[in-house]
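Work through the exercises below with the sequence and the coordinates open. Each task is followed by a stepwise solution.

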Amino acid sequence: MTNFKPPALTSRLPQVGTTIFSTMSALAQQHGAVNLGQGFPDFDCDPALIEAVHTAMLAGHNQYPQMTGVPVLREAIAAKLAALYGHSYNADSEITVTAGATQAIFTAILALVHPGDEVIILEPCYDSYAPNIELAGGVVKRVPLDTQTFRPDFNRIQAAIGPRTRAIVINTPHNPSGTVWSESEMQCLTALLRDTAVWVISDEVYEHMVFDRAAHQSVARFPELAARSVIVSSFGKTYHVTGWKVGYVAAPAPLTREFRKVHQFNVFTVNTPMQHGIARYMQSPQPYLDLPAFYQRKRDLFRAGLAGTRLRMLPCEGSYFQCVDISEVEAFAQAGRQGDQAFCEWLTTEIGVAAIPLSAFSSPAQGMLATQNIVRFCFAKQDATLTRALQSLRDL
Ligand code: PMP
Ligand code: GLN
């Protein structure tokens, strides 16, 4: 044994370390900081949802379900998509239940992308997209969002589309910036893709968090886009249960068939009692219909507090994230530090509030340019948690 040397290991993801979300949560815990970093609620879900899962367990729904998801849940999802966005997905052939949105996105990419295919992502964006594309053997084409507004720049997107472009990943409401795509932006995307062979992976996990009476522009609202799109959503976000890891994909039948070929080998099936519980809970639309007002109130409470600080707020149209510009925080500059990453470490360890640096959502080259003075807070927290964080932020 003493001479044993394990085989050489060549990383598939040499640039990747632990995600910023885990890193900042660990730092927050270590320093007893209020954690407004990683996106998750610090309050419980509706007890009725837990009751529904408990009932499903007691009723014996504890073995492997159908590979595609339990029929009652797929039907509930199809009914919701039809009611909200006017597109009828077939519950048998076009809806698949997934182990959260992360698995859904990865599985969609593995199903679509052949080695050498290009996939466009709009930076800053959620951190799993680029590694997913690389693991599929694809080539990541990074297109920056507008650096001031974080809105899509269709000229740049058009310029990035070439003969090898297989897909584009979009995300509205947007993590991290909180922008919500407008109807005319969706129409621009429709027109731009019209004569291309590009699929759309539409990450809509924050679909029910859109504020100020605006509407979520799901690709399902646009028949031409829907015909070339995979919609991804997550019950973790909608029902305040990020740890349950249950989501879904809606896509046209031919694409769903390909999606399921991969799905059956990388997850096979998703937690049975959770699926039954969620299906029962979905019988009432009220919980997700109430969500915009629920989070808008938290956004407004948080923004009212931030107005009295040196942090300059960016707009927040949706999601549960609020971004701020940190340039005017003199105490940080006086501490001899710079950059959003150092700011978040300093804010966590010295001020007692954790946030996420925006550069974590871009490749190093882009991140340094556009987002070096911006950090993201998550306001999916109890009012008392937000108030406690604001008390610390006021002293900056
Ligand atoms: N996409 C975006 C934009 C997200 O913010 C998240 C949340 N982590 C996910 C996907 C993944 O969701 P899930 O927790 O359901 O895997
Ligand atoms: N989506 C969440 C966020 O953006 C966290 C997900 C994760 O920890 N991977 O904060």
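A residue counts as buried when its relative accessible area is under 20%, as exposed when that area is over 50%, and as partly exposed in between. Keep in mind that this is a predicted model.

**Exercise 1.** Classify D325 as buried or exposed, then describe its surroundings.

Solution.
- Step 1. Place the residue. D325 belongs to strand β10, which covers residues 321-325.
- Step 2. Apply the cut-off. The relative accessible area of D325 is 11%. Buried means under 20%, so D325 is buried.
- Step 3. Look for a side-chain partner. The side chains of D325 and S327 are joined by a polar contact of 2.4 Å.
- Step 4. List the contacts, leaving out residues up to four places away in sequence. D325 touches R310, L311, R312, L314 and N373.

**Exercise 2.** Find how many disulfides the structure holds, and examine C344 and C188.

Solution.
- Step 1. Search the whole structure. The result is zero disulfides.
- Step 2. Test C344. The closest cysteine sulfur to that of C344 is in C323, 10 Å away. A disulfide needs two cysteine sulfur atoms within 2.5 Å, so this pair is too far apart for a bond.
- Step 3. Check accessibility. C344 is buried, at 0% relative accessible area. C188 is partly exposed, at 37%.

**Exercise 3.** Which class does T196 fall into, and which residues does T196 touch?

Solution.
- Step 1. Locate the residue. T196 sits in the loop that runs between α7 (183-193) and β6 (199-203).
- Step 2. Classify. T196 has 24% relative accessibility, so it counts as partly exposed.
- Step 3. Find the backbone partner. A polar atom of the T196 side chain lies 3.3 Å from the backbone nitrogen of V198.
- Step 4. Move past residues up to four places away in sequence. T196 then touches I161 and R228.
- Step 5. Take one C-alpha distance. T196 and R166 are 30 residues apart along the chain, and their C-alpha atoms are separated by 9.2 Å.

**Exercise 4.** Describe the largest pocket by volume, lining and residue class.

Solution.
- Step 1. Get the volume. The largest pocket has about 1,200 Å³.
- Step 2. Take the lining. It consists of 49 residues, and T19, F21, D127, S128 and A360 lie nearest the pocket centre.
- Step 3. Map the lining to elements. Those that give two or more residues include α1 (20-31), α4 (100-112), β3 (118-123) and α16 (364-370).
- Step 4. Sort by class. The lining of the largest pocket has 21 nonpolar, 20 polar and eight charged residues.

**Exercise 5.** How many cavities of 30 Å³ or more does the structure hold, and what lines the largest cavity?

Solution.
- Step 1. Recall the approach. Rolling a probe the size of a water molecule over the atoms shows where empty space is left.
- Step 2. Count. There is one cavity of 30 Å³ or more.
- Step 3. Get the volume. The largest cavity has about 70 Å³.
- Step 4. Name the lining. Among its residues are L122, P124, C125, F150, H174 and W181.
- Step 5. Find the main contributor. Strand β5 (residues 165-171) gives the most to this lining, with three residues.
- Step 6. Sort by class. The lining of the largest cavity has nine nonpolar, three polar and no charged residues.

Terms used: Residues numbered from 1 in each chain as written. Chains lettered and ligands numbered in written order. Predicted model: local features only at pLDDT ≥ 70, side-chain atom pairs only at ≥ 80, totals over all residues. Heavy atoms only, no water. Buried < 20%, exposed > 50% of the residue type's maximum accessible area, 1.4 Å probe, protein only. Helix = DSSP H or I, 4+ residues; strand = E, 2+ residues; numbered from the N terminus. Polar contact = N/O pair within 3.5 Å; in protein donor to acceptor, adjacent residues only side chain to side chain. Contact = heavy atoms within 4.5 Å. 1 Å grid on protein atoms, 1.4 Å probe; cavity = no way out; pocket = protein on both sides within 12 Å on 5 of 7 lines; lining within 4 Å. Points joined across faces, edges and corners; volume = space filled by probe spheres on them. Nonpolar A, V, L, I, M, F, W, Y, C, P; charged D, E, K, R; others polar.
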